[in-house]
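Work through the exercises below with the structure open. Each task is followed by a worked solution.

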Amino acid sequence: MLVIMTGRGPDSAGFAVYGEGSDGQIKLTVRGVDLAGLAESLGSGVTGILRDTHLVLSVPAAKEEAVRAQLAVTRPDLVVTGAGQRMELFKEIGLPVDVSRRFGLPNMAGTHGIGHTRMATESAVTTDGAHPFSTGSDQCLVHNGSLSNHRSLRRVLEAKGLSFATDNDSEVAAGYITSKLEEGATLAEALEASLSDLDGFFTFVVGTESGFAVLRDPISCKPAVMAETDQYVAFGSEYRALARLPGIEKARVFEPEPARVYAWERI
């Protein structure tokens, strides 16, 4: 699906995969250089799997804050791309086919995944600007569109204690969802609230530990299409992203309605 959508996003690509997790363990996906031996340097109980420019650290949950603090001091050059019990998050500059191969996406497995191909329109082509964005545990967001009030919303969220690594409006949208979830909202309620709090146009796909949800703004000027079968649910900006999926000829294919939250939970 990512490769087919190269024409819509040739600058960079990224994906979050929700694979197996272990009780009492947290996965920290970090990005940078000179990653060999990093896991061992973080003390007992920490292991790592190296995937190109990213390292997935498995950390005892009780040590997560200590490991983050240690990394901030000893390796301030590293970026934590995502964290959670099940989520691993990878992204890089380059064509989707190259990014996919570099990280070994074809050999990964999980209950669900969120992918994105990017064509930079309002910011530079950087790995930091690639999607998905993650601002909460096991949570990620991809966005097609543009938000006009992201700077003022950023200040509100920062006052609540959230921090941001980029100037990207999509990261602010992710932070907004995180803030609502921390306040006790369900994912559906958080997305519904965004319809009044976010100015601009957007299609969001949000992943969580238990599933994912889709929302288009009331005008819905950005394309979106979904396919649902007894075996899977799939989303794409265009039907061609879905056309080669197994059993697509028997799927219920539809365009998500404006201002309506669609959500699915894993069994």
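The exercises cover salt bridges, backbone geometry, a loop residue and a strand pair. The model is predicted.

**Exercise 1. A salt bridge between two loops**

Task: Find the salt bridge that joins Arg 86 and Glu 209, and say which parts of the chain the pair ties together.

Solution:
- Start with the distance. The side chains of Arg 86 and Glu 209 are 3.6 Å apart, N to O. The cut-off for a salt bridge is 4 Å, so the pair qualifies.
- Next, place the residues. Arg 86 sits in the loop between strand E5 (79-84) and strand E6 (87-93). Glu 209 sits in the loop between strand E10 (200-208) and strand E11 (211-216).
- Now link the two. The partners are 123 residues apart in sequence, so the bridge ties together those parts of the chain.
- Check burial. Arg 86 has a relative accessible area of 7% and is buried. Glu 209, with 25%, is partly exposed.

**Exercise 2. Further salt bridges**

Task: How many salt bridges does the structure hold? Describe the partners of Lys 160 and Glu 228, then name the members of a network.

Solution:
- The count is 13 salt bridges.
- Lys 160 pairs with Glu 183, with closest N and O atoms 3.0 Å apart. Glu 183 is in the loop between helix H5 (169-182) and helix H6 (187-197). Lys 160 is in the loop between helix H4 (150-159) and H5. This pair links distant parts of the chain, 23 residues apart.
- Glu 228 pairs with Arg 252, again with closest N and O atoms 3.0 Å apart. Arg 252 belongs to strand E14 (residues 252-254) and Glu 228 to strand E12 (residues 225-228). They are 24 residues apart.
- Arg 252 is partly exposed, with a relative accessible area of 48%. Glu 228 is partly exposed too, with 25%.
- The network of salt bridges links Arg 8, Glu 238 and Arg 240.

**Exercise 3. Backbone geometry**

Task: Locate the cis peptide bond that leads into Pro 132. Then decide whether Asp 52 and Ser 220, which have positive phi, are buried or partly exposed.

Solution:
- The bond runs from His 131 to Pro 132, with omega near 0°. Pro 132 lies in the loop between strand E7 (112-118) and strand E8 (133-136).
- Asp 52 has a phi of about 55°, although it is not a glycine. Asp 52 lies in the loop between E3 and E4. Its relative accessible area is 35%, so Asp 52 counts as partly exposed.
- Ser 220 has phi near 55°, and is also a residue other than glycine. Ser 220 lies in the loop between E11 and E12. Its relative accessibility is 15%, so Ser 220 is buried.

**Exercise 4. The surroundings of Thr 53**

Task: Which side chain makes a polar contact with the side chain of Thr 53?

Solution:
- Place the residue. Thr 53 is in the loop between strand E3 (47-51) and strand E4 (54-60).
- Find the partner. The side chain of Glu 92 makes the polar contact, at 2.8 Å.
- List the neighbours. Leaving out residues up to four places away in sequence, Thr 53 touches Val 30, Arg 31, Gly 32, Leu 35, Glu 92, Arg 102 and Phe 103.

**Exercise 5. Strand E6**

Task: In which sense do E1 and E6 pair, and why is E6 described as largely enclosed?

Solution:
- Strand E1 (residues 12-18) pairs with E6 in the antiparallel sense, over seven bridges.
- To fix the register, use Val 17. Its opposite residue in E6 is Glu 88.
- Count the buried residues. Six of the seven residues of E6 are buried, so the rest of the structure largely encloses the strand.

Definitions and conventions:
Residues are numbered from 1 along each chain as its sequence is written. This is a predicted model: local features need pLDDT of at least 70, side-chain atom pairs count only at pLDDT 80 or more; totals for chains, interfaces and linings use all residues. Side-chain values use heavy atoms; hydrogens and water are left out. Helices (H or I, at least four residues) and strands (E, at least two) are DSSP runs, numbered from the N terminus. A polar contact is a pair of N or O atoms within 3.5 Å; within protein, one must be able to donate a hydrogen and the other to accept it, and residues adjacent in sequence count only if both atoms are side-chain atoms. Contact means heavy atoms within 4.5 Å. Buried means under 20% relative accessible area, exposed over 50%, partly exposed in between (1.4 Å probe, protein chains only). Two strands pair if DSSP finds at least two bridges between them.
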